[in-house]
Every structure is written in C-alpha cells, then in structure tokens.
Amino acid sequence: MKKILTSITLALAAVTASASATWDLMGTTYTVDTLFHNQVGPGTMQTSLWFHAGTSQLRVFYTEMDMTNQYLSLRGVCAKDMLAGNERISGMAERKSAPGQRYFIGVNADFFSTSGTTARGVSIIGSPVGSTVVDGTIFRARNNATNYKNFVVDYDGNLYCNPFNFAGTVKDAAGNTAKVGSLNAPYTKNNITIFNDRYYGSTSQSVTGTCVTARVAEGYQFTTTGDFKLVVTGAPEETADATIPDGEYVLFGHGTAASLVANLKVGDEVTVNLTWTYDGKSVNPYQIISGNPKILADGVVLNSEADRGDANSQQPRAAVGYSHGGDKAYFFVVDGRSPLSAGVRTMVLADIMRYAGVTDAMNVDGGGSAVLYTSTLGIRNKPSDGSERADGNGFYCVSSAPDDSIIASIRFVDYKLNTPKYGLYTPKFYGYNQYGMLIDQDVQGVTLTCDESVGVIKSDTTFFGTGEGKGLLTAHYGEVTLSEEIFVGASVDDVKIKYDSIVTDGFREYPIDVESTVMETVMPIDPSALEWTSSDPAVIAVGAHTGVLKGVADGEALVVGTLNGRSDTIKVVVQKPTAHAMPIDPDLDINTWKFSQAGGKDAVKTAVGDGFTYEYTGSSSRAPKLTMSKDIYLWSLPDTLRVRLNPGEAPVKSLVFGLRTNGGGINYQTVAPEVVNPNVENTFDVPMNSWMDTDDMGNFPVLLSSIQVGMGASATGQKYVMNFMGLETIYNAIPLTPVGVKGDVNGDGVVDINDANILINAVLGKPYKGNADVTGDGTIDISDVNFVVNAILGKNK
C-alpha cells in the first residue's frame, strides 16, 4: 500500500490536556484547557474546551472548516425533506450522505414549531420558524428581517450573516403587479403568498384569499432570486385552505392582491421576481438557515441580550459563524443545565467565538436541541435532554471528495501530552485517506521511538517516562513517520493504587495498577517507580522495586507502595485453587438455594455431595424453565464456570448463567449446545474470558447469581429426574491429574479402589467428583473402569 505521506512533524499536543490559557469572557476570567483538538475531515478540525473559574464550568465544542478546500461546502437539510417534521441531526446526515456527498459535520439550526396542526389535521411540528432554503429550494421565506437573522450561502459559496429581507412581485400579462410577501408562511396583508409542495399539503391560512394553482413554465426554473414564469393550471377559488398539487404551486392573494389572482385563467402566464436584500445589498441564496440574535459582527461582540427573552440566561447554546470573509466557517455548541457546564448567555457565547477567531456569528436554537455531530466520532457534546433530540432542520459541512479506504496519513489522537514521570502512555492514532477524511479511529501496527532523554519504549507501542523535560515521540506506520513533542514532568506526587482490594491466586504475577490524574485524565504509572512492601510475605510476595505481586498462601495481607514520601495501600486476598475442578458450593445445602419452575410441579430437591438431584412432574406452560438462584462468589480467578448435568428424560435445551463482575451489573451468558443428550452427562461451560476482561484484576471476585435451565415442554403427569452432577469452577493452571498418575480420578496422588468406585458411580450416572474420563477419549464408560482396575492390579504398561 503506497503511502503518500512520508514525514510529518506535528506541533499537536494532549493525552492528558494542553497547557492552560486564560480567557476573559464578559468580565469573568476562565482557565481554558483543550481536551480535544484534531482533524475530522478534509480541511476540518474539531476542538473541545473546558472552561473553569472557581465552581463555574463550561464545556465548549466547535468545528473549524476551511471553506477554500475544494471538497467542502455548507448545506442545509430539513427533516424528512419537508417543511414540517422532526429528525435527529445524525439521522439527517446519514440519510443524505452518499458517495461523493458526505454530510460529515452537522449542527442543529433554526427554532421550530413544537405543536400545532393545519385545518386538515396535518402536523406542523418541526417547521423552522425563519426563512429556510435548501440547495436552492425555498422551504420558507418571510419578510420579517427584524425578528429573524439569516446565515446565507450564495451560489458562489460566499457566506453572509445578516437579517435579509425577502420580497418579490407577481406580474400578469397585462402588466398588473402585486407584491409577494412570503413563501410557505402565514399570509401578509395585501400581498401574494406563494406555496409549494414542501408545505403542509394545503395553504391552511387563517383568512380567505383568492387562490390559483400553477406550474413552472417550460424553459424556466423556480429560482431563489430573479425572474421566472409560472403557468396557471387551475381556475381561481376563494378559500383559506387550497390544496397544493405535487410539483406545483399555489398563489394565495389577499386584500388588494386578490384581484390580480382572481383575473387569471388556466394557461395564463405570470412573471415572478424574488429578491433577498440587506442594507441595499442583494444576494442569490443557495442555502439559508435562520436564528436569533446575531451575536458577533466584524469581530465585535454585539449587545444581543435584548433581542430574545432568554438571551441573558445561562442555557445550552448553538451558533454558526465565519471569519476571513467566509474562508473559514464554524459550528459551535456550549453545553448547559448540568454540573459540568452551566450554559451561557448569548454575549458570552459571542465572546467565546471571538477568542476562537470567529468574526461574524448568529445564535441558533439551543437548549436540548444544541448538538454538534461528526460522522466518525459521533455526537461530540452532551445534549441537555440526555440524548440527541429530533430537530426541525440542520446545517452541515459536506465533502464531495471520492470515498477512499486507504490510509494515507496518521495523527496522534491526543492533542498534547503532559505525562508525569514514570507515566505509561500507549497512544492511539487516527488514520486519514488522501483527501483528509478520517477513516480509522484506531490504526493498528504503529510502532514508537523516542528521545532517550525523556523515556524508553516498551513492547514497541508504550512510552515509559523515565526522564524529564521535552523530547520527541515518533510514530512509524509503513513509510509514514510522525513526531510529536512530549513533556515529562520532573516528579509525580498525586499517585494512587487503582483498586482498594483484589483477589489473586498462587499463579498469576500481577504488576500493581497505579494511576495519576492530570487534569481530568487518569494515566497509568509504572509500578516500578514506587517502593513496595507486604505486611505478610508468607501470604503475598511483592517485588520491592517492581511492584509485581504473587500469592503465596491463602489469607489476606496489605501491600503498600511509596513514592516521594507518600503511600497508598491495597488489600490482597489470596485464594489458591487446589484442584483443576473445584465445587462452587462445597457440601451443598439445598435449603440455601431458591428454585422456581414453569412447566413442572411437585418438585423434590436432594443434595448429593457438591451437586443435587431435581425431581418433578411435568405440567403445561408456555415458557417452560427452571430457575435456581443463590449468590455465590466464585473462588479465586477461575478460567471457566462449568455445570455437569445428566438431564434424564427432561427436555433440557440450554443453561443461562447470571454473572456479575466485581461491582458490575448482571450479565447473562447462554450455553445452548446443538444437542443435549438424554440420560448421560452433558457439560455446560462458560469461559470467563468470553464475557469479561480477565486481565483486569478489578473484575474479581465474580458473583454467580442464578442458573436458568431452558426447557422444552414436559409431558403432563410424567415424572422426571435431573441430576446436577457438578457445579464447578475450572482452573487451567492446575493440571487435570497429577503428572504421571493416570487413573488418579480423585486427585489424591494414587490410583486405588476409591478411584474405581468413583468411576463406577460416574458410569451409572450418579454424582461424583473428579476426572472420570481416564482414557481421554471424551466419554466416561467401562473402558475407564477397566483401565483403573488394571492399574490397581499392576497390569497396565
């Protein structure tokens, strides 16, 4: 795979966070830390900031788009491609995206109707309040520029942020003219209102007007500005609620404008002229979204808090803006209504954007609607509703670059690394195609080198900060070489052991997990940085200079780690398994278990050794099952949980185990063999590493809460006996039998009559403990008994 990038040196920065800056926002001084800053698409960077001043906190998320990039454009979307409707910002992007048209960045747009229906009962929920144009189609145009501001993209890609005035005229063949007051909006007095099929299906006005239907004349297009012609397709009618045919228009004349419409006949042509102007300047809009208020003009924060009733209150907010005459565009979201982010007034929002380099900006819908979307990294902020809200319309950065799945360049995920001394850092990398689109969030196969003055590399992928000061951390991926400056602190004081207590066995060597928190990021610290002692070396051995512990004998002990005079302690419980298979409930007391059954009655439970028998009489049930409940902490660090069951004639199909990691929620694991054989022992195994991270010592001990036996229908009135021959945990570190003692079923080191008796019980289907498959052929039968008998008689060779 050819790499087009051979060497990049980045002045990026952050595993843990960037160096702090100070911003004065409308009289309040905040410390500002960069939590994330990276490329997410062609010419597009996304940044996440943390503002804090005493107990006040803000979380700010924004994207900066280079609009000089040949692949980028800004485009609006209306939910469901209609004026009314709700859809999530992420959902609109996914629906509209296609090869060569990737809606990869998005923000919510206009305020929208949250209730209401038309005269015909059609919902108007989701309708943007202000003027809205999508890809040259007018969804709504209103002549009320004083109330709503507009963010406009013209056909040449120029950006504007001003309250544009919509106006127009309709002229008939005789030269009679009437003004156009709005499009897909409530009528305005003595004007014509135009409706298209993006509206609600009918005009649904509060007053009667004179209406005709029309289509675009041949050779013309319905444009956002300039002249075009319509051909009348229906006779005039007096109504407030005219039907809008698909693909056609309705001219609704009110007051003095009604006479022009009333004189039209089918086949007549009218000339429509539309304009959008601000302060004497006309634009030809290709996209328009609306909001309120305008908050930033030419780099100056506007006194915007009188323009909306809630503008001077702390709220979650969103905004769009630009700088450099439109060469750069910005989408901003500030979270609110949470302990992590209080929200902002519009003037504070403007000040934040000004610091980020924005010169002109407009506030859009906020509150629970405020959301910043990226196609690869998902929703970047935390919406105040708790999840992404369905909005009326959205605004997007769209890439026209071809789809390409080949990684051409990489970047460190982290913006800046400040690691404490002895810190361990395993960086992740983003992968980009040749157009700059993020296509891989976790590039594998990257190796590291570093300046020896700051650290060493472990296992090719982890930086260990053994030195001090600044140096280069260099990543290698094929022909790509990428370097980032890394800073290692002179000392680390704020260290703690990750877990208060753990369980271990006598086999695993555990490098104690040590952590340090830098700002909001928890970083692992190499345990060799600390001095270690054990309160009882006869129970726990620990390397004084490595921090690697190992269980010696059953019991409890405290292990203490010390660095720079500060110490932390972990309690270690040693539970050494004594056999390959151990009962989870030794000397089982059947009365400590809770049983419930559907599809069976008159149950009799009898403990047999470390198992039990379950007898019942079949009865009808829609969902037959047997549930057995008891909270049991599994001994030590098991590799597998096993149930050995002879179902007799009972129609057993599966076993479902209810398990919890230490402090975790319930996790149900189902074991459903293709066939459960009747009248013989069946083994149901749950490997621990199939559902939990067994390398994480904090996950132990594991709690078993329940075992559910999934069953088919039992014959009504028939008696059944199920023999639970063993409820066990398996420990792979202990061999199945002592080495060299084949036939030692009970694991006592010798082969004698006791082993033969266990085998006979196993063949007869009775409960037993031990390894009965002596010959290792996968079955327990008379051949195993013969082997043991011959071993006792000395006949085996």
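Helix α5, spanning residues 782-793, supplies the largest share of the nonpolar patch, namely three residues. The model you are looking at is predicted, so please read what follows as a description of that model.

**The surface patch**

Four residues make up this nonpolar surface patch: Ile753, Val789, Ile792 and Leu793. Together they offer about 340 Å² of accessible area. Val789 sits in helix α5. Is Val789 buried, partly exposed or exposed? Its relative accessibility is 33%, and because partly exposed covers the range between under 20% and over 50%, Val789 counts as partly exposed.

**A covered helix**

Let's turn to helix α3, residues 346-355, which is mostly covered, with eight of its 10 residues buried. The buried residues are Thr346, Met347, Val348, Leu349, Ala350, Asp351, Ile352 and Met353. After α3 comes Gly357, which has a positive phi near 105°.

**The nonpolar cores**

Which residues have the most contacts inside the largest nonpolar core? They are Phe657, Met722 and Phe724, in a core of 62 residues. Another core, of 34 residues, lies apart from it. Here are the two side by side:

| Core | Size | Residues include |
|---|---|---|
| Largest nonpolar core | 62 residues | Phe657, Met722, Phe724 |
| Another core | 34 residues | Met65, Ile105, Tyr322, Tyr432 |

Phe657 deserves a look of its own. Leaving aside residues up to four places away in sequence, Phe657 touches Leu641, Val643, Asn667, Tyr668, Gln669, Val671, Phe684, Val686, Leu704, Ser706 and Ile707.

Technical notes:
Residues numbered from 1 in each chain as written. Predicted model: local features only at pLDDT ≥ 70, side-chain atom pairs only at ≥ 80, totals over all residues. Heavy atoms only, no water. Patch = residues over 30% accessible without salt bridge, like charges linked within 9 Å, V, L, I, M, F, W, Y side chains within 5 Å. Areas by Shrake-Rupley, 256 points an atom, 1.4 Å probe, with all protein chains shown as cover. Salt bridge = Lys/Arg side-chain N within 4 Å of Asp/Glu carboxyl O. Helix = DSSP H or I, 4+ residues; strand = E, 2+ residues; numbered from the N terminus. Buried < 20%, exposed > 50% of the residue type's maximum accessible area, 1.4 Å probe, protein only. Core = buried A, V, L, I, M, F, W, Y, C linked by side-chain atoms within 4.5 Å. Contact = heavy atoms within 4.5 Å.
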